[in-house]
Amino acid sequence: MDIIASLGLGFSVALDPMNILYCFIGVLLGTLVGVLPGIGPTATIAMLLPITFSLSPAGALIMLAGIYYGAQYGGSTTAILINLPGESSSAVTAIDGYQMAKQGRAGPALATAALGSFFAGTVGTLLLAFFAPPLARAALNFGAPEYFALIVLGLLVSIALAHGSILKALAMIVLGLLLGMVGQDIYTGQPRFTFGIRELYSGLNFVSVAVGIFGVAEILRNLENEKGRDVMVKAVKNLWLTKDDFKRIAAPVVRGTVLGSVLGILPGGGHILASFASYSAEKRLSKHPEEFGHGAIEGVAGPESANNAAAQTSFIPLMTLGIPAHPVMALMVGAFILQGITPGPNVINDQPALFWGIIASMWIGNVMLVLLNLPLIGLWVKMLSIPYRALFPAIVLFACIGCYSINQNIYDVYAIGFFGVVGYVLMRFGCEPAPLLLGFVLGPLLEEHLRRAMIISRGDPTVFITRPISATLLGLAVLAVVIAVLPSIRKKRKEVFVEED
Amino acid sequence: MAVSNFSTKDLVSGGIFVVAGAYFALEALNYEVGTPFRMGPGFMPLFLGSVLAGLGLAVAASGWKKPDTEERLTPSWRGIVLIIGVVIFFGATIRGLGFVPVVLVSSFVAALSSRLNSPLFSILLAITLTVMCTLIFVVGLGMSVPWFGPWLGM
Amino acid sequence: MKKTVITLATGALLAGLAFAGSAFAQDYPTKPITVVVPFSAGGPTDTVARLVAEVMSKDLGQQVVVQNVGGAGGTLGAGQVATAPNDGYTLLLHHIGMSTAPTLYRSLPYDPTKDFAPIGLITSVPMTLVARKDFEPTTLAELMDYIKANGENVTYAHAGIGSASQLCGMLLMDALDTQMTTVPYQGAGPAMTDIIGGQIDMICDQSTNTTSQIKAGEVKAYGVTTPERLANLPDLPTTKEGGLDLEIGVWHGLYAPAGTDAAIITKLETALQAALADETVISRFAELGTVPVTADQATPAALAETLTSQIALWKGVIEKAGVYAD
């Protein structure tokens, strides 16, 4: 089919004044709920579904899609400003973004996030327009063994997330994996580690764990010895990126976009790995890996781009095959059906105006987001001038309300408190929270795909090395470990001759 | 003391990992471990729990001869008790008392957990936050929770 | 003396409350009504609920809000409604899982027949037997022979414990008197992904999830589990035609907590019947491959009867399969 003509059709739909308005409302709402911790795109789209009844199908879907990728932009804002990530992707941004904010560089951090996201969003949308069907086909080659291998690779590569002891980081990942197993086993229905509480059957809520272990733990730490030090940020230096900053973010943005685009296409949970993988890659490739964890701008640029690219390309399986890649996409399926359109392989042919209209609107939405977010940076940074003693009660409240609103489950609220204490204690004893979160999101996937692969292969573990994609991924995983271990062995040899520092 | 030769940080965090790993592994013994073909619900937690306990030992051992150098601040017990208390209070009463009273009390108490906040400042902050949150979440986002809950007879 | 006063006062109070209660029932509804869907938003049940709720709002003159309380195979949301105030402002829209939970969950904190007041049936979504495109059998008869011959070498996907696809699988294995290798997924979406990708052999799932894939030729379809053929898939034979004794529909019902005022139930019943006769609802349901039940089925009696008979049916099937969720 003629792509140019199709895109022309798409833009004619997307540039309809009403649709531009819906797109704007969508990205604005998305940004706002992304900024509010707890309340995420899932909750917002669910709440807004009834309103979209009265809109045209194109308008409704453009608006809902806008909420989703708008929230990806907004989500990084709170992660950077107050260390409160609302989603797995922004958890990575919090690592270096919050450190930058503490050093008075919140402006550049936010600008990096916005620019990186815009670039990634544009590339992701182009991929969606030009290659969606073949990419979706390719992604279908990923079965359980491939996902298992991919997750193992992701976990091993991500040890780089830690800027302290590798042993502790490993232990935190494993602890996260275990916490991810809380709840009903999907294979047998057996409730695990639930203490008989039915509310825990569907597992611990990610937002609760993230908000507790990052946000609340940070508050508890800041309340230590308040009078002795200034807990909040240094004076804001500048709002915009310096020439040097631009140089530093260019490559990470491109690499993050590539990684994110590829992983986002995989419907079995690839998008979750995107930002973690990008962070690890940047740290490995950086000439100054020691800066990571202390405010490295590459640590914001890479993951943010990866995350936004994945957000765009995760529409590919939905739009071309009708397969939802994650809960937000499942909601989009619901939105399609409510509009009288069953998403599936035929949408592209039966509803070309809708299909191309949504794609075109995504790019327009990305333009709006960057125009909306860049001026907002000044406002957000001003927010940091609110004294911390007034800010932190608001953070606690937002966290509770947001988590409660997701499922109306009070145990999600209790979990914030529990993980706040856990995070605080572990932080005091030198363990960082990011690896734990990575383990937490990947734990259930790791187990699910391992067990499924074994069932389908009827208990034959060679399935992981006889299938080419899975074998390649596992080979890369081994390579990653070797590369990680070699320098430390070399360093150990040197250390023998060096006195303790 | 022998411990002085150790990093307290590594010793304690290692200990936490050992205890957590042991808990998951032992609890997993109550679930079916299964076969490689059909792994049971106990398989992964048992394996990972043991790994975690092992890593915990390694973390503790890695602290040998590396006593902590930096001084640690004393935790703010007032902060911990009040903040965690607020979270529990919020969860326990949101259905019964309704949005407005719970947010008002929660933000007041949360504000008090900082020694820098006077009671008057906390009250003002609580009122501001309550108005803001009600507008954003209940009015703006249409969160389905009563303003005042059934316990208040409304 | 004192006692009498208290008794009198209590009596007056109770009478007042009763009066207030009936006054409430007269004016009902005076505030938005919440319909709890015990599954996450976006799924087939949620979609059914939102379509019906939208039209019921117009009829009742108050917003009918869908609230998703997912978790524990639908038992969490149902349990929440079981203990909710029985004032007609908290309702439950649940599917076939209402009747399987008492057997699947040996420690269920509520009783589906005693803790709820049925309002009416809504729809029964047909299920379809589909397989990956390159799966050997081409007709239902061949499929039956193939499964019988290959037994555990056939992999059957289902959307999780207590899901409709799991139930259909149990019935299928029961009817063919064989065992397949069942592979659970987290929901119907991932399961369909692996069918389309050819990672796994077959599934029996709601037409909601399969129709567009069947039409596009992404999956091979063998039969539909309803007595009659589907309007939007007229070439697909029914299981009965193919000689397979397998009939199942994912029926949906609307419930209030037990003890809800009869006048309120009647109002809701009328609103439900009106919604099911609505043009938009009918056309959207058709898109989902289903039809609303007739007005005589959207009644408390019909739902109560369906619930009781289905509980008995599934008790036998589930106990025979030996599958439990806790």
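**Exercise 1. Chain B against the globule rule**

What radius of gyration does chain B have, and what would a compact globule of 154 residues have?

Solution. The model is predicted.
Step 1. Start with the rule: a compact globule of 154 residues would come out near 15 Å.
Step 2. Turn to the model: chain B has 24 Å.
Step 3. Add the extents. The C-alpha trace of chain B spans about 55 × 50 × 25 Å along its principal axes.
Step 4. Look at the domains. The assignment splits chain B into domain 1 (8–62) and domain 2 (77–152). The centres of these two domains of chain B, taken over C-alpha atoms, are 38 Å apart.

**Exercise 2. Describe the fold of chain B**

State the elements of chain B, their order, and the share of buried residues.

Solution.
Step 1. Count the elements: chain B has 5 helices and 0 strands.
Step 2. Read them from the N terminus: α-α-α-α-α.
Step 3. Check burial. In chain B, 42% of the 154 residues count as buried.
Step 4. Check the contacts of chain B between residues at least 6 apart in sequence. Of these, 65% join residues at least 24 apart.

**Exercise 3. Put chain A through the test**

Which radius of gyration does chain A have, and why does it agree with a compact globule?

Solution.
Step 1. Apply the rule. For 501 residues it gives a value near 23 Å.
Step 2. Chain A has 22 Å, so the two agree.
Step 3. Take the box. The C-alpha atoms of chain A fill roughly 70 × 60 × 50 Å along the principal axes.
Step 4. List the secondary structure: 21 helices and 2 strands in chain A.
Step 5. Look at burial. Buried residues account for 67% of the 501 in chain A.
Step 6. Look at contacts in chain A between residues at least 6 apart in sequence. There, 80% link residues at least 24 apart.

**Exercise 4. Map the contact between chains A and B**

Find how many residues each chain gives to the contact, and which elements of chain A take part.

Solution.
Step 1. Count residues: 55 come from chain A and 59 from chain B.
Step 2. Name the elements. Those of chain A that give two or more residues to this side include helix H3 (41–52), helix H9 (206–222) and helix H17 (388–407).
Step 3. Pick out the largest share. H17(A) supplies it, with 10 residues.
Step 4. Sort by residue type. The side of chain A that touches chain B holds 35 nonpolar, 10 polar and 10 charged residues.

**Exercise 5. Follow the nonpolar core**

Identify the residues with the most contacts inside the largest nonpolar core, then trace one of them.

Solution.
Step 1. Give the total: the largest nonpolar core has 334 residues.
Step 2. Name the residues with the most contacts inside it: A:Val396, A:Cys400, B:Leu52 and B:Ile83.
Step 3. Find the main contributor. Helix H6 (residues 106–139) of chain A gives the largest share of this core, 17 residues.
Step 4. Trace A:Val396, leaving aside neighbours within four places in sequence. In chain A, this residue contacts A:Val216 and A:Ile219. In chain B, A:Val396 contacts B:Ile83, B:Val86 and B:Ala110.

**Exercise 6. Judge the confidence**

Where in chain C does pLDDT stay under 50?

Solution.
Step 1. Take the scores of the model: ipTM 0.92 and pTM 0.85.
Step 2. Take chain C. Its average pLDDT is 87, and 92% of the residues score at least 70.
Step 3. Compare the elements of chain C. Helix H1 (residues 2–27) has the lowest mean pLDDT, 50, and strand S3 (residues 90–94) the highest, 95.
Step 4. Locate the stretch: residues 1–23 of chain C stay under 50. For these residues the model has 1 contact beyond four places in sequence.

Conventions:
Residues numbered from 1 in each chain as written. Chains lettered and ligands numbered in written order. Predicted model: local features only at pLDDT ≥ 70, side-chain atom pairs only at ≥ 80, totals over all residues. pLDDT = per-residue confidence, 0-100. Helix = DSSP H or I, 4+ residues; strand = E, 2+ residues; numbered from the N terminus. Contact = placed C-beta atoms within 7 Å. Nonpolar A, V, L, I, M, F, W, Y, C, P; charged D, E, K, R; others polar. Rg over C-alpha atoms; globule rule 2.2 N^0.38 Å. Buried ≥ 20, exposed ≤ 12 C-beta atoms within 10 Å, placed from the backbone. Domains from an automatic or database assignment. Core = buried A, V, L, I, M, F, W, Y, C linked by C-beta atoms within 7 Å.
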